[in-house]
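Student: Could you walk me through how to read a model like this one, feature by feature?
Tutor: Gladly. Let us look at it together and take one feature at a time.

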Amino acid sequence: MQRNSIYIIGMSFCFGCISLLYFWGLIVGLPLVANILLVALVCIGVFVFLLKKTPDTLYALTFKQNLLLTMGVILMSTFCLFLARKNGDWDAVYIYNLAAKFLEDPVHWRQLFLYKDQLSHTDYPLHVPALVAFLQRITGGGFKESVPYFVSLFYTLAVATIIFLETAHVHKLLSAIVFILIGTNTYFLNNGVIQCADIPLSFYLLLSFVFMQHYRQTPKEKIWILYCGIALGCAIWIKNEGTLYAFLFCIVFYKELFAKKNMLVLSLGVMPFVLTLLIFKIAYAPTNDLIKGLGQESWTVKLLDKQRYKLIVEAFVQYIGLYFYIPQLAAIAYVFLSIYKQKTPDKSVLIFILFALGITIVYVFTYQNLSWHLQTSMSRILLQWYPSFWFVLVIQLGKLMPSPGVQEEIDIRGINKKP
Amino acid sequence: MTKYLFIIVFGAAILLTAIADEYKMRHLFNYNDELTMHLDALKSFVPASGILYYRLNNTKFSEPIIRSRFVLAPRCILIPENAGQHYDTLLLINELQDRIEFDSTQKTIWSYRDTLAQYSLINFKII
């Protein structure tokens with residue numbers, strides 16, 4: 001794994017830990033100073049662990065790749081600054097930043113759950129709001145605009161960077177093309193800076209695929225399963241969809257994740273987040289919209305309503321055509337290339353079909369107006385898969401048409417020079 | 001040192017952009033001058049602290065409406081429950097969030113119906 005990836009992943013894991021620790025701190029009434037000390041200790045621990053334990057066979061980036069990466073990050077930051085809006089966008093104002101404002105108050109934060117309207121979605125997990133609330137408190141509330149923006153921007157830049165860093169050794173040209181495509185995709189960048197949770201969710205989903213890819217290359221290294229567990233845990237602590245994706249991910253990679261030797265490390269990674277989510281859902285959050293809606297109307301009527309499926313498929317096709325036509329073309333190219341080379345598509349590609357099926361079920365049973373629900377969320381759902389899709393596609397295309405100048409591996413600390 | 005170069009650039013890009021964003025939002029960015037004007041007007045005739053009733057007419061934020069509501073109920077802000085479905089109202093909420101102190105200690109919600117619309121009552125404190 002690239003050393004730069006380790007730093008970015010370390011930061012994202014720290015964000016997950018901060019969010020958990022702050023939420024737990026609120027529950028038990030921990031003073032802010034104690035919470036800060038605890039967070040500092042855990043974050044140092046996370047970085048020390050990552051830097052010492054991560055198998056660090058590094059792939060040397062060429063000068064041109066380094067230049068592209070650096071310029072790309074600077075240009076993306078500049079784009080993001082132009083796209084930034086006050087207080088983010090609709091969901092940020094009414095869901096995430098609103099929740100963060102409550103979580104900043106250590107005494108009355110539970111008042112958040114008095115919101116029973118359909119707009120505030122107080123049943124959403126609190127990864128992003130708790131993180132923003134903690135950072136707002138330690139900065140004294142003096143950077144009201146920039147703290148949630150900083151969090152959004154980190155995940156936005158991290159998505160593009162991790163994809164580039166983790167695919168550069170597979171196919172130089174493809175990784176550069178995908179990096180440029182993501183970095184210039186204004187729909188992606190715009191959603192990245194509106195302070196919602198879709199890009200953070202897509203980032204942790206991407207990490208799960210990255211770690212699984214490393215594990216499949218080096219099955220002896222159980223550490224990848226631990227990291228995969230943490231990434232999945234962070235995903236389920238961000239949005240309700242995260243739980244669905246984690247569940248489907250576990251089904252597809254059942255053999256790898258639930259191998260006897262991996263059970264313990266997987267549990268170590270994912271359980272803190274699962275337990276926190278359970279406590280949040282049972283003790284604090286109101287009933288989820290979907291579950292509440294199931295009791296209101298007969299689910300069999302919805303299940304058998306062909307019109308609902310037609311609407312969902314139409315919206316799916318419409319939004320792919322509108323925002324994701326390049327990934328669509330790339331997927332078609334991959335299918336044709338697989339047929340030409342007589343290779344069966346990898347299961348990491350097929351997982352996206354499962355994601356689509358899972359989301360279709362959610363839409364079929366939604367109690368909200370289906371057209372409105374599709375119109376307001378379908379494109380963002382697709383965006384959540386967008387980084388993982390590119391990562392998987394570059395890896396798979398790299399296998400089908402190997403790059404002539406594949407990176408030489410440099411084992412910096414010699415950890416992998418095992419006899 | 002060169003092996004840390006990228007991560008330094010990455011961190012610096014995020015931090016500098018976030019600082020630039022704070023500056024942009026505070027000094028360069030204004031959604032709607034009319035809204036700001038009304039909020040300034042609002043501040044001129046209400047106490048510096050307390051709670052305001054603020055009736056929004058979904059897309060029109062005229063001062064007479066604000067004043068009329070203050071006569072009726074001078075200490076609270078009223079926002080329609082369906083506020084988010086109107087983009088202008090959303091912008092106003094953005095402005096409100098920026099211009100008022102969010103007071104979660106007094107957070108209570110009452111929903112009731114009157115002859116015009118359904119409202120949520122949200123307590124804020126002007127700063």
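Tutor: Start with A:R216, which has a relative accessible area of 31% and is therefore partly exposed. Keep in mind throughout that this is a predicted model.

Student: Which residue does the side chain of A:R216 meet in a salt bridge?
Tutor: The partner is A:D346, with an N to O distance of 3.0 Å. The two come from distant parts of the chain: A:R216 sits in helix α9 (residues 198-217) of chain A, while A:D346 is in the loop between α17 and α18 of chain A, 130 residues apart.

Student: Is A:D346 buried or exposed?
Tutor: The general idea is to compare the relative accessible area with a cut-off: under 20% means buried. A:D346 has 14% relative accessibility, so this residue counts as buried.

Student: How many salt bridges are there over all chains?
Tutor: There are seven in the structure. Let me show you another that joins separate stretches of sequence: A:K347 and A:E256 meet through their side chains at 3.3 Å, N to O. Because A:K347 lies in helix α18 of chain A and A:E256 in helix α12 (residues 254-257) of chain A, this pair ties together parts that are 91 residues apart in sequence.

Student: And what is the relative accessibility of A:K347?
Tutor: A:K347 comes to 25%, so A:K347 counts as partly exposed. Its partner A:E256 is buried, with a relative accessible area of 11%.

Student: Which residues are joined into one network by salt bridges that share partners?
Tutor: A:D198, A:K239, A:E241 and A:R380 make up one such network. Within it you can pick out the bridge between the side chains of A:E241 and A:K239, at 3.4 Å, N to O. Both ends need an accessibility check. A:E241 counts as buried at 15% relative accessibility, and A:K239 also counts as buried, at 3%.

Student: Let us turn to empty space. How many cavities of 30 Å³ or more does a search of the whole structure find?
Tutor: The search finds seven. A useful distinction is that a probe fits inside a cavity but cannot get out, whereas a pocket is open. Take the second largest cavity, which holds about 70 Å³ of space.

Student: Which residues line the second largest cavity?
Tutor: You will recognise A:R216 in the lining. The others are A:F209, A:M212, A:Q213, A:F253, A:S348, A:F391, A:V392, A:I395 and A:Q396. By element, α9 and α19 of chain A each supply at least two residues of this lining. By class, the lining has six nonpolar, three polar and one charged residue.

Student: How much space lies in the second largest pocket?
Tutor: About 650 Å³. The pocket has 22 lining residues, and those closest to its centre are A:F316, A:I320, A:A331, A:F352 and A:F389.

Student: Which helices each supply at least two residues of that pocket's lining?
Tutor: They are α16 (306-323), α17 (325-340), α18 (347-365) and α19 (370-400), from chain A. The next step is to sort the lining by class: 21 nonpolar residues, one polar and no charged ones.

Student: Can we try a single residue? Where is A:S208?
Tutor: A:S208 is in helix α9 of chain A. At 0% relative accessibility, A:S208 counts as buried. For a polar side chain, look next for a partner: the side chain of A:S208 reaches the backbone oxygen of A:Y204 at 2.9 Å.

Student: Which residues is A:S208 in contact with, leaving aside its neighbours within four places in sequence?
Tutor: A:C228, A:A231, A:L232 and A:F249.

Student: Finally, how do I read whole chains? What secondary structure does chain A have?
Tutor: Chain A has 19 helices and two strands. Of its 419 residues, 59% are buried. Then look at contact range: among contacts in chain A between residues at least 6 apart in sequence, 84% join residues at least 24 apart.

Student: And what pattern does chain B follow along the sequence?
Tutor: Chain B runs α-α-α-β-α-β-β-β-β, which comes to four helices and five strands. Buried residues account for 46% of its 127 residues. In chain B, 65% of the contacts with a separation of 6 or more are between residues 24 or more positions apart.

Conventions. Residues are numbered from 1 along each chain as its sequence is written. Chains are lettered from A and ligands numbered from 1 in the order in which they are written. This is a predicted model: local features need pLDDT of at least 70, side-chain atom pairs count only at pLDDT 80 or more; totals for chains, interfaces and linings use all residues. Side-chain values use heavy atoms; hydrogens and water are left out. On a 1 Å grid over the protein atoms alone, a cavity is a set of points where a 1.4 Å probe fits but cannot get out, and a pocket is an open set with protein on both sides within 12 Å along at least five of seven lines; lining residues have an atom within 4 Å of a point. Grid points are joined across faces, edges and corners, and a volume is the space filled by probe spheres set on the points. Ala, Val, Leu, Ile, Met, Phe, Trp, Tyr, Cys and Pro count as nonpolar, Asp, Glu, Lys and Arg as charged, and the others, Gly among them, as polar. A salt bridge is a side-chain nitrogen of Lys or Arg within 4 Å of a carboxyl oxygen of Asp or Glu. Buried means under 20% relative accessible area, exposed over 50%, partly exposed in between (1.4 Å probe, protein chains only). A polar contact is a pair of N or O atoms within 3.5 Å; within protein, one must be able to donate a hydrogen and the other to accept it, and residues adjacent in sequence count only if both atoms are side-chain atoms. Contact means heavy atoms within 4.5 Å.
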